[in-house]
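Notebook open, model loaded. I'm going through the two chains and jotting down what I look up as I go.

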Amino acid sequence: MLGGRRGVLALVAAVVGLGMIGVAVHAQQSAPQPQRAGRIAVSPGRSASAGASSPAAPYPTHPTPPKATPLGPSRPVHISIPAIDVSSRVFPLGKNPDGTLAVPQPGPRLNTVGWYKNSPTPGQLGPSILLGHVDSVQGPSVFFRLGDVHPDDKVIVRRRDHVTVVFTVNAVRDFKKAHFPSRLVYGGGDLSTPQLRLITCSDFVESIHHHIGNEVVFAHLTRVRRPHAR
Amino acid sequence: MEGHTVRKSLRTLIPLAAAAIPLALLPTAAHADSGTSYQTTLNPINGSGGSGMATVTVNGDQATVDLNYTGLATTFGGNPYPHVQHIHIGADGVCPTMGADKNGDGIVDTVEGQPSYGGIGTTLSTKGDTGPSAGTNIKVAPAGGSADYHRTFTLNSDTMNALQSGTGVIVVHGLDPSTLSKKAQNEKSNLVPSLPLAATAPALCGSLSSMPTGGVATGYGSTGGVEDLGLFAVGGGLAAGGAALFASRKRAASKAS
């Protein structure tokens with residue numbers, strides 16, 4: 001009798017254990033890996049890389065993208081990317097002492113998007129730099145699904161002056177951090193149009209428990225919505 | 001048993017750690033770009049309504065400047081408006097606020113702004129001399145309301161030092177006279193007395209800082225590997241233990257019968 005009860009208990013333990021494994025398997029998640037797509041250059045006949053480092057590589061057949069009038073400065077306060085259900089407040093960030101970009105720190109802003117405060121505000125000429133974590137100590141973070149962003153997706157940024165700027169993705173790239181093209185991403189060489197860069201981590205390597213890549217989404221301004229403009 | 005698994009995981013970790021060392025060393029050594037880059041946004045002052053961005057990349061004594069802006073005054077006396085532009089050096093390395101308007105004419109003129117951004121270190125001319133003496137030569141200034149400026153030239157050491165110490169400031173000059181107060185409209189430039197104040201007053205200003213380098217640490221790895229290890233461990237233990245116990249009970253029961 002006692003043995004029978006123990007047997008039932010053992011069976012229950014085994015079933016509960018299997019259930020827990022099932023839950024754990026179901027909870028496994030990994031960020032989508034970005035797929036290289038689109039062209040970085042948004043102005044026809046111009047090289048996207050810095051003029052000093054490489055010969056010009058014009059794209060004579062590249063269609064002229066729709067352009068919107070550049071704006072004056074006003075810092076970004078909110079970003080949404082409907083294609084991947086991102087909606088987040090935006091806060092300014094600086095640089096670390098080693099010259100790399102600072103990232104959102106543990107606390108209430110950890111899973112928000114940061115704007116590099118020495119880069120243009122979204123809508124000004126040149127590349128405005130926005131970044132977010134792919135994951136944090138708490139699990140998936142604000143740019144967890146950035147790898148699912150594709151050319152022609154829209155990125156909508158609201159500025160403090162209540163102007164909403166809409167950017168259209170023109171390229172997605174995955175760079176190894178060890179060979180990160182800083183000037184292409186942060187400077188661009190082509191400052192003639194308002195642009196946007198979205199940056200997060202990619203290429204997680206299990207054995208060293210480290211992301212060795214950065215995904216960069218390149219977008220350009222295509223629409224400006226002013227408050228009360230009908 | 002436990003000691004054995006620890007030793008085993010150590011054995012697999014050591015070569016992994018060794019493999020990680022070159023990865024850790026690479027980022028500083030293997031940048032795709034050469035030289036040092038500086039950047040700034042060009043924000044309007046004196047109500048110019050313009051906006052832009054500039055980058056300066058220094059390789060040895062050569063500097064490549066890319067500078068774009070839109071929204072400045074387009075014409076001056078029926079001709080394209082010449083906007084002289086410089087890298088100012090030797091002061092605080094910042095752009096002036098309206099508090100710098102000492103004479104109260106509503107305009108921070110070039111001299112009033114000098115405690116903030118200093119004197120001319122380099123003239124961003126379209127051709128020829130790039131020294132301070134070319135600073136007010138409107139014949140080599142970009143003309144019109146917008147500019148797409150790209151030039152590589154030999155950078156003087158004063159400007160080089162200012163960039164390195166974070167005190168280089170790009171200033172683009174030239175306001176639309178009609179936006180000035182009556183008082184300011186009648187004033188002369190304190191740089192070039194033959195020109196009106198509007199011609200040399202600052203219109204865009206930006207403090208140069210070094211461009212970020214390298215990649216961005218935007219991941220912790222919490223979703224990269226196997227999550228909920230605890231759940232796996234406890235679940236696995238329960239399942240295995242329960243199954244083993246159940247099996248042994250069954251065996252004991254069948255032996256007894």
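Started in chain B, at helix α2. I checked what its buried residues pack against, and got β6 (85-89), β9 (169-173), α5 (197-200) and β10 (202-207) of chain B. Note to self: this is a predicted model.

Which residues of α2(B) are the buried ones? I found T110(B), G113(B), S116(B) and Y117(B), in a helix that covers residues 110-117. Looking down the axis of α2(B), I see these buried residues fall within an arc of 95°, so they line one face of the helix. That fits the textbook rule: with 3.6 residues a turn, residues three or four places apart point the same way. Just past the end of α2(B), I noted G118(B) with a positive phi of about 85°.

Next, helix α3 of chain B, residues 157-165. Its buried residues include T159(B), A162(B) and L163(B). They span an arc of only 100° around the axis, which puts them on the same side of α3(B). I then looked at the other side of α3(B), where S157(B) and S165(B) are exposed. The buried residues of this helix pack against β1 (36-44), β2 (51-59), β6 and β7 (119-123) of chain B. A glycine follows here as well: G166(B), just after α3(B), takes a positive phi of about 75°.

One stop on a strand of chain B. H150(B) sits in β8, residues 147-154. Is H150(B) buried or exposed? Neither, quite: I get 16 C-beta neighbours inside 10 Å, so H150(B) counts as partly exposed. I also took the distance from H150(B) to Q114(B), and their C-alpha atoms are 26 Å apart, with the two positions 36 residues apart along the chain.

Over to chain A. I count two helices and 11 strands, in the order α-β-β-β-β-β-β-β-β-β-α-β-β along the sequence. Of its 230 residues, 46% are buried. Among contacts in chain A with a separation of 6 or more, 64% are between residues 24 or more positions apart.

I followed strand β2 of chain A (residues 76-81) to its partners. It runs antiparallel to β8(A) (residues 154-159), with four bridges, and it also pairs in the antiparallel sense with β3(A) (residues 86-93), again over four bridges. I79(A) has a partner in each: V157(A) in β8(A) and S88(A) in β3(A). The hairpin of β2(A) and β3(A) has four residues between the strands, and there D85(A) takes a positive phi near 60°.

I79(A) came up again when I looked at the largest nonpolar core. That core has 87 residues, and those touching the most other members are I79(A), L130(A), V155(A), V217(A), L42(B) and C205(B). I picked V155(A) and skipped its neighbours within four places in sequence; its contacts are then I79(A), I81(A), F167(A), V169(A), L196(A), L198(A) and A219(A). Another core, of five residues, lies apart from the big one, with A10(A), A13(A), A14(A) and M20(A) among its members.

Last entry: where the chains meet. How many residues does each chain put into the contact? I get 73 from chain A and 68 from chain B. On the chain A side, α1(A) gives the largest share, 15 residues. Sorted by class, that side has 38 nonpolar, 29 polar and six charged residues.

Conventions
Residues are numbered from 1 along each chain as its sequence is written. Chains are lettered from A and ligands numbered from 1 in the order in which they are written. This is a predicted model: local features need pLDDT of at least 70, side-chain atom pairs count only at pLDDT 80 or more; totals for chains, interfaces and linings use all residues. Two strands pair if DSSP finds at least two bridges between them. Two residues are in contact if their C-beta atoms, placed from the backbone, lie within 7 Å. Ala, Val, Leu, Ile, Met, Phe, Trp, Tyr, Cys and Pro count as nonpolar, Asp, Glu, Lys and Arg as charged, and the others, Gly among them, as polar. A residue is buried if 20 or more other C-beta atoms lie within 10 Å of its own, exposed if 12 or fewer, and partly exposed in between; C-beta atoms are placed from the backbone. The arc is that of the directions from the helix axis to the C-beta atoms. A nonpolar core is a set of buried Ala, Val, Leu, Ile, Met, Phe, Trp, Tyr and Cys residues joined through C-beta atoms within 7 Å.
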